[in-house]
Amino acid sequence: MNSISLYGHITTDTIFNGDITYKSVGGLGNVWLMLSKICKNYQINVEPTNIGEALILVNRDKAERSSIANLNQVQRTPIIKDSKWSHILYVNELDDLSFIKEVRDKSEVVSIDICKGKPFKQLSILKYIDYFFISDEDLFMDIAELTSRVEGWVILHHKGGSKCFNRSKSFEISTPVIDNINVLGAGDMFAAAVINCILNTVDKSNLQNNINEAHLLTSKILADINEKN
C-alpha cells in the first residue's frame with residue numbers, strides 16, 4: 001500500500017484575477033495538482049463525495065482571495081481505499097460524514113480541513129483525525145477546546161506560518177510573507193506539502209521540522225507559479 005486518497009469536494013472554479021478570467025479545477029484538484037508535482041512515489045486516488053462550482057476573486061496586491069460557491073450540486077458515494085494517508089476536504093460543507101469511520105479503518109493517517117461556509121458542528125468525527133488543517137480566519141471555537149477533541153494535531157495556518165497544537169504540546173512556525181501573488185489554493189497546497197513532507201521523511205516524529213519544510217515548499221511553488229504567470 002503506497003497511496004494517498006483524497007475525499008470531499010471537487011469544483012469547477014471561475015477565477016477573476018484583475019482583467020484576466022479563466023477556469024480551473026478546485027478543491028480536490030488543488031491538492032491533487034500539488035501532490036502530483038512533489039509526491040511522485042505515491043499513487044494518488046481521487047474520490048470526490050461532492051461536485052460543485054465556485055466564483056473566485058483574486059487580489060494579488062493584497063495576496064487575498066474571496067469566493068462564493070455552490071459546493072454540493074452533485075453528490076456521489078466514494079469508494080474507500082486502503083491508503084497510507086487519506087485527506088478529506090471541506091468537512092463543514094459535507095452533510096454526511098459517516099464514511100469517515102471506514103476511511104479511518106482503511107488508512108494509516110487521516111487528515112481533514114474546513115472552508116468558509118457552514119459552521120462545523122459534527123465534532124464527534126474529530127476522534128478519528130490525526131491532522132486537522134484550519135486557517136486562522138476559519139477558527140470557529142477556542143483552540144484549546146478544539147485541540148482536546150482532535151485525536152492528533154491541529155495545524156492553524158496563516159500567511160506568515162502556522163501554530164500547531166496537540167493535547168500536550170504546541171509550537172509555532174514563522175515564514176516570510178510573499179507579497180503580490182495569487183494565493184488561490186494556497187491552503188490546499190500547504191496541506192499537500194505537509195502530507196508529502198511527513199510521508200517522505202525518515203524522522204516522522206519531528207513534526208516541527210516537517211511543517212517548516214512544508215511552508216518553505218509551498219512558498220517556493222507559489223512563487224514559481226506566479227513568476228510563470
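Leucine 57 lies in strand 3, which covers residues 43-59. The model in which this residue is placed is predicted. Leucine 57 touches Phe16, Glu64, Arg65 and Ser66, leaving out residues up to four places away in sequence. Glycine 18 is 39 residues away from leucine 57 in sequence. In space, the two C-alpha atoms are 8.4 Å apart.

The chain as a whole was examined next. Its secondary structure comprises five helices and 10 strands. The C-alpha trace spans about 45 × 40 × 40 Å along its principal axes. The radius of gyration is 17 Å. A compact globule of 229 residues would have a value near 17 Å, so the chain agrees with that expectation. Of the 229 residues, 52% count as buried. Contacts with a separation of 6 or more were also considered. Residues 24 or more positions apart account for 56% of these contacts.

The surface and the charges complete this overview. The chain exposes about 11,200 Å². Carbon and sulfur atoms supply 49% of that area. The chain carries 24 positive and 28 negative charges. The mean positions of the two sets are 3 Å apart.

Aromatic side chains were then analysed. The structure holds six aromatic pairs. One of them joins tryptophan 85 and tyrosine 131. Their ring centres are 5.2 Å apart, with 15° between the planes, and the pair is stacked. This pair links distant parts of the chain. Tryptophan 85 belongs to strand 5 (residues 83-88), whereas tyrosine 131 belongs to strand 7 (residues 131-135). The two residues are 46 residues apart. Both tryptophan 85 and tyrosine 131 are buried.

Tryptophan 153 and phenylalanine 171 form a tilted pair. Their ring centres lie 5.5 Å apart. The planes meet at 55°, so the pair counts as tilted. This pair, too, links distant parts of the chain. Tryptophan 153 sits in strand 8 (residues 153-158) and phenylalanine 171 in strand 10 (residues 170-174), 18 residues apart. Tryptophan 153 has a relative accessibility of 14% and therefore counts as buried. Phenylalanine 171 is likewise buried, at 14% relative accessibility. Elsewhere, Phe120, Phe132 and Phe140 form one aromatic cluster.

Phe132 of this cluster is also a contact of aspartate 113. Aspartate 113 lies in strand 6, which covers residues 107-113. Its relative accessible area is 5%, so aspartate 113 is buried. Residues up to four places away in sequence were again left out of the contact list. Aspartate 113 then touches His87, Ile88, Leu89, Tyr90, Val91, Phe132, Phe133 and Asp188.

Tyr90, one of these contacts, has an unusual backbone setting to consider against a general rule. Most residues other than glycine have a negative phi. Phi of tyrosine 90 is near 55°, a positive value in a residue other than glycine. Tyrosine 90 is placed in the loop between strand 5 and helix 2 (99-105). With a relative accessibility of 12%, tyrosine 90 counts as buried.

Two further loop residues were compared for exposure. Glycine 117 is found in the loop between strand 6 and strand 7. At 59% relative accessibility, this glycine counts as exposed. Beyond its neighbours within four places in sequence, glycine 117 is in contact with Asn92 and Glu93. Leucine 207 is 90 residues from glycine 117 in sequence. The C-alpha atoms of the two residues are 29 Å apart in space.

Threonine 175 occupies the loop between strand 10 and helix 4 (186-199). Its relative accessibility is 11%, and threonine 175 therefore counts as buried. Neighbours within four places in sequence aside, threonine 175 is in contact with Lys159, Gly160, Gly161 and His215. Histidine 158 is 17 residues from threonine 175 in sequence. The C-alpha atoms of threonine 175 and histidine 158 are 9.8 Å apart.

Definitions and conventions. Residues numbered from 1 in each chain as written. Predicted model: local features only at pLDDT ≥ 70, side-chain atom pairs only at ≥ 80, totals over all residues. Heavy atoms only, no water. Helix = DSSP H or I, 4+ residues; strand = E, 2+ residues; numbered from the N terminus. Rg over C-alpha atoms; globule rule 2.2 N^0.38 Å. Buried < 20%, exposed > 50% of the residue type's maximum accessible area, 1.4 Å probe, protein only. Contact = heavy atoms within 4.5 Å. Areas by Shrake-Rupley, 256 points an atom, 1.4 Å probe, with all protein chains shown as cover. Lys, Arg positive; Asp, Glu negative; His and termini not counted. Charge placed at Lys NZ, Arg CZ, Asp CG, Glu CD. Phe/Tyr/Trp six-rings, centres within 6.5 Å; stacked < 30°, edge-to-face > 60°.
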